[in-house]
Amino acid sequence: MTITALNDAIVAAAQSALTAMSWLSDLSVATADWGIGILPVVLIVLWLRGGPAGRQTAITATLAAGVALAIAGAISFLFYFPRPFAIGLAPNLLAHVADSSLPSDHAAVMSAVAIALLFAARRSLGVLVTVATLAVGAARVALGVHFPSDILAGILVGGAAAAAFQFKPCNDFACFTRRLAEALYAALGIEVLATRLHLQKQQENIR
């Protein structure tokens with residue numbers, strides 16, 4: 001079986017499942033639209049609660065996600081691959097534009113963050129984002145926005161972007177960016193405000 005035939009078969013099976021279970025369609029739409037929202041939550045928590053190492057990981061993961069998005073966008077711009085709904089394999093339930101399908105931007109960005117977290121030994125958060133990545137990818141395949149190969153390609157792009165920051169030049173740039181972000185964070189007084197709120201909450205708990 002060719003990759004194209006396998007892609008088509010998986011999309012067709014997903015469409016049959018959505019037809020048989022209407023609730024699955026609603027769940028898929030919600031996951032496809034909002035699943036990526038886990039990223040800012042994880043990164044903000046790391047920045048606020050992870051100490052210097054957590055801040056470095058948050059910055060590195062954010063930069064990796066940006067690089068992954070840029071690479072995915074370049075590939076999509078240079079090469080056109082139609083989406084399943086664009087060739088009649090599925091209805092366009094997300095009202096998505098019919099631009100190039102490969103690679104998946106969502107998968108690229110989310111996997112870049114997941115793998116950056118795993119590289120930094122933030123295993124629980126890395127596994128959480130990995131599961132979210134797979135869930136979003138599955139939902140977007142089920143809804144006819146992507147083929148499975150698009151998701152796989154996105155994961156490879158994200159993994160490559162995260163891996164790049166394990167090398168010294170990229171890692172040095174990430175460290176510089178973190179110091180710049182910390183300086184801005186301090187200049188705006190956000191760190192002082194966060195500390196005061198944390199102390200106030202501790203005092204309330206003691207009472």
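Contact here means heavy atoms within 4.5 Å. The exercises below use a predicted model.

**Exercise 1. Place alanine 153 in its surroundings: find its helix, its burial class and the residues it touches.**

Step 1. Alanine 153 is found in helix H7.

Step 2. Its relative accessibility is 17%. Buried means under 20%, so alanine 153 counts as buried.

Step 3. Leaving aside residues up to four places away in sequence, alanine 153 touches Leu102 and Pro103.

Step 4. For serine 104, the C-alpha atom is separated from that of alanine 153 by 7.1 Å, although the two positions lie 49 residues apart along the chain count.

Step 5. Leucine 102 and proline 103 are joined by a cis peptide bond, with omega at about -5 degrees. Proline 103 belongs to the loop between H4 and H5.

**Exercise 2. Describe helix H5 from its start to the residue just after it, and say what its buried residues pack against.**

Step 1. H5 covers residues 105-119, which is 15 residues. From first C-alpha to last it reaches 21 Å, close to the 21 Å expected at 1.5 Å a residue.

Step 2. At the start of the helix, a side-chain oxygen of serine 104 comes to within 3.4 Å of the backbone nitrogen of histidine 106.

Step 3. Buried residues of H5 include Ala107, Val109, Met110, Ser111, Val113 and Leu117.

Step 4. The partners of the buried residues are helix H3 (38-49), H4, helix H6 (123-142) and helix H7 (148-164).

Step 5. Just after H5 comes alanine 121, with a positive phi of about 65 degrees.

**Exercise 3. Set out the phi, place and exposure of alanine 95 and of alanine 121.**

Step 1. Alanine 95 has phi near 55 degrees, a positive value in a residue other than glycine. For alanine 121, also not a glycine, phi is near 65 degrees.

Step 2. Alanine 95 sits in the loop between H4 and H5, and alanine 121 in the loop between H5 and H6.

Step 3. The relative accessible area of alanine 95 is 65%. The cut-off for exposed is over 50%, so alanine 95 is exposed.

Step 4. Alanine 121 has 45% relative accessibility and therefore counts as partly exposed.

**Exercise 4. Work out how helices H1 and H2 pack, and sort the residues of their contact by character.**

Step 1. H1 takes in residues 3-20 and H2 residues 22-34. They pack at an angle of about 115 degrees, and their axes are 5 Å apart.

Step 2. H1 contributes Ala17, Leu18 and Ala20 to the contact, while H2 contributes Ser22, Leu24, Ser25 and Ser28.

Step 3. Sorted by character, the contact has four nonpolar residues, three polar and no charged.

**Exercise 5. Locate glutamine 15, threonine 31 and arginine 55, and list the computed contacts of each.**

Step 1. Glutamine 15 lies in helix H1. With 13% relative accessibility, it counts as buried. Residues up to four places away aside, it touches Leu89, Ala90, Pro91, Ala142, Leu143 and Gly144.

Step 2. Threonine 31 is part of helix H2. Its side chain reaches the backbone oxygen of leucine 27 at 2.8 Å.

Step 3. With residues up to four places away not counted, threonine 31 touches Ala135, Val136 and Ala139. The C-alpha atom of arginine 140 is separated from that of threonine 31 by 8.4 Å, and the two residues are 109 apart along the chain.

Step 4. Arginine 55 belongs to helix H4, residues 51-78. Its relative accessible area is 12%, so arginine 55 is buried. A polar atom of its side chain lies 3.4 Å from the backbone oxygen of tryptophan 47.

**Exercise 6. Summarise the protein as a whole: secondary structure, burial, contacts and surface.**

Step 1. There are nine helices and zero strands. Along the sequence the pattern reads α-α-α-α-α-α-α-α-α.

Step 2. Of the 207 residues, 38% are buried.

Step 3. Take the contacts with a separation of 6 or more: residues 24 or more positions apart account for 75% of them.

Step 4. The protein exposes about 11300 Å², and 71% of this is supplied by carbon and sulfur atoms.

Notes
Residues numbered from 1 in each chain as written. Predicted model: local features only at pLDDT ≥ 70, side-chain atom pairs only at ≥ 80, totals over all residues. Heavy atoms only, no water. Axes fitted to C-alpha atoms, helices over the stretch in contact; angles between N-to-C directions. Helix = DSSP H or I, 4+ residues; strand = E, 2+ residues; numbered from the N terminus. Nonpolar A, V, L, I, M, F, W, Y, C, P; charged D, E, K, R; others polar. Buried < 20%, exposed > 50% of the residue type's maximum accessible area, 1.4 Å probe, protein only. Areas by Shrake-Rupley, 256 points an atom, 1.4 Å probe, with all protein chains shown as cover. Polar contact = N/O pair within 3.5 Å; in protein donor to acceptor, adjacent residues only side chain to side chain. Expected span 1.5 Å × (residues − 1).
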